[in-house]
Amino acid sequence: MNKIPVIDLSECAYCETCMTLCPDVFHVNAQTGLMETAALDVYPQEEIETAISCCPKDCIHWEEAD
């Protein structure tokens with residue numbers, strides 16, 4: 001089963017660290033202004049793990065994909 005990165009928006013400070021470290025995965029939705037995770041078939045695990053470890057609010061985690 002695949003894992004997907006998820007951002008807990010209630011904890012996110014919108015510091016954009018994840019976007020800087022992993023711009024192909026994390027972005028701000030231009031319409032809603034909310035941080036989002038791109039829908040990808042495969043996620044770059046090493047880069048996302050770096051984003052998770054550098055997140056000052058610890059709001060990024062992995063979830064099992066359906």
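**A guided tour from the cavity outward**

Begin by selecting C12, C15, C18, C55 and C59, which lie nearest the centre of the largest cavity, a space lined by 14 residues. The model in view is predicted. The volume of this largest cavity comes to about 80 Å³, and the structure holds one cavity of 30 Å³ or more. Colour the lining by residue class: 11 of its residues are nonpolar, one is polar and two are charged.

Next, display the largest nonpolar core, which has 15 residues. Within this core, I7, C18, V25, F26, I48, C59 and I60 touch the most other members. Helix 2 (45-54) and strand 4 (60-64) are the elements that give two or more residues to the core, and helix 2 gives the most, with three. As a general background, nonpolar side chains in soluble globular proteins tend to be buried together.

Now select helix 2 and look down its axis. Which of its residues are buried? They are I48, A51 and I52. These buried residues line one face of the helix, because they fall within an arc of 100° when seen down the axis. In general, an α-helix has 3.6 residues a turn, so residues three or four places apart point the same way. Turn to the other side of helix 2 to find E46 and S53, which are exposed. To see what covers the buried residues of helix 2, add strand 1 (3-7), helix 1 (17-21), strand 2 (26-28) and strand 4, which are included in that cover.

From the core, select V25 and show its contacts. Leaving aside neighbours within four places in sequence, V25 touches P5, E36, T37, A38, L40, Y43, P44 and I48. One of these contacts, I48, is also among the buried residues of helix 2.

Move on to the loop between strand 2 and strand 3 (35-37), where N29 is found. Is N29 buried or exposed? Its relative accessibility is 17%, and N29 therefore counts as buried, the cut-off for buried being under 20%. With neighbours within four places in sequence left aside, N29 is in contact with L34 and E36. E36 also appears among the contacts of V25.

Finish in strand 4, at E64. With a relative accessible area of 47%, E64 is partly exposed. Draw a distance from its C-alpha to that of L40: the two residues are 14 Å apart in space and 24 residues apart in sequence. L40 has already been met as a contact of V25.

Key: Residues are numbered from 1 along each chain as its sequence is written. This is a predicted model: local features need pLDDT of at least 70, side-chain atom pairs count only at pLDDT 80 or more; totals for chains, interfaces and linings use all residues. Side-chain values use heavy atoms; hydrogens and water are left out. A nonpolar core is a set of buried Ala, Val, Leu, Ile, Met, Phe, Trp, Tyr and Cys residues joined through side-chain atoms within 4.5 Å. Buried means under 20% relative accessible area, exposed over 50%, partly exposed in between (1.4 Å probe, protein chains only). Helices (H or I, at least four residues) and strands (E, at least two) are DSSP runs, numbered from the N terminus. Contact means heavy atoms within 4.5 Å. The arc is that of the directions from the helix axis to the C-beta atoms. On a 1 Å grid over the protein atoms alone, a cavity is a set of points where a 1.4 Å probe fits but cannot get out, and a pocket is an open set with protein on both sides within 12 Å along at least five of seven lines; lining residues have an atom within 4 Å of a point. Grid points are joined across faces, edges and corners, and a volume is the space filled by probe spheres set on the points. Ala, Val, Leu, Ile, Met, Phe, Trp, Tyr, Cys and Pro count as nonpolar, Asp, Glu, Lys and Arg as charged, and the others, Gly among them, as polar.
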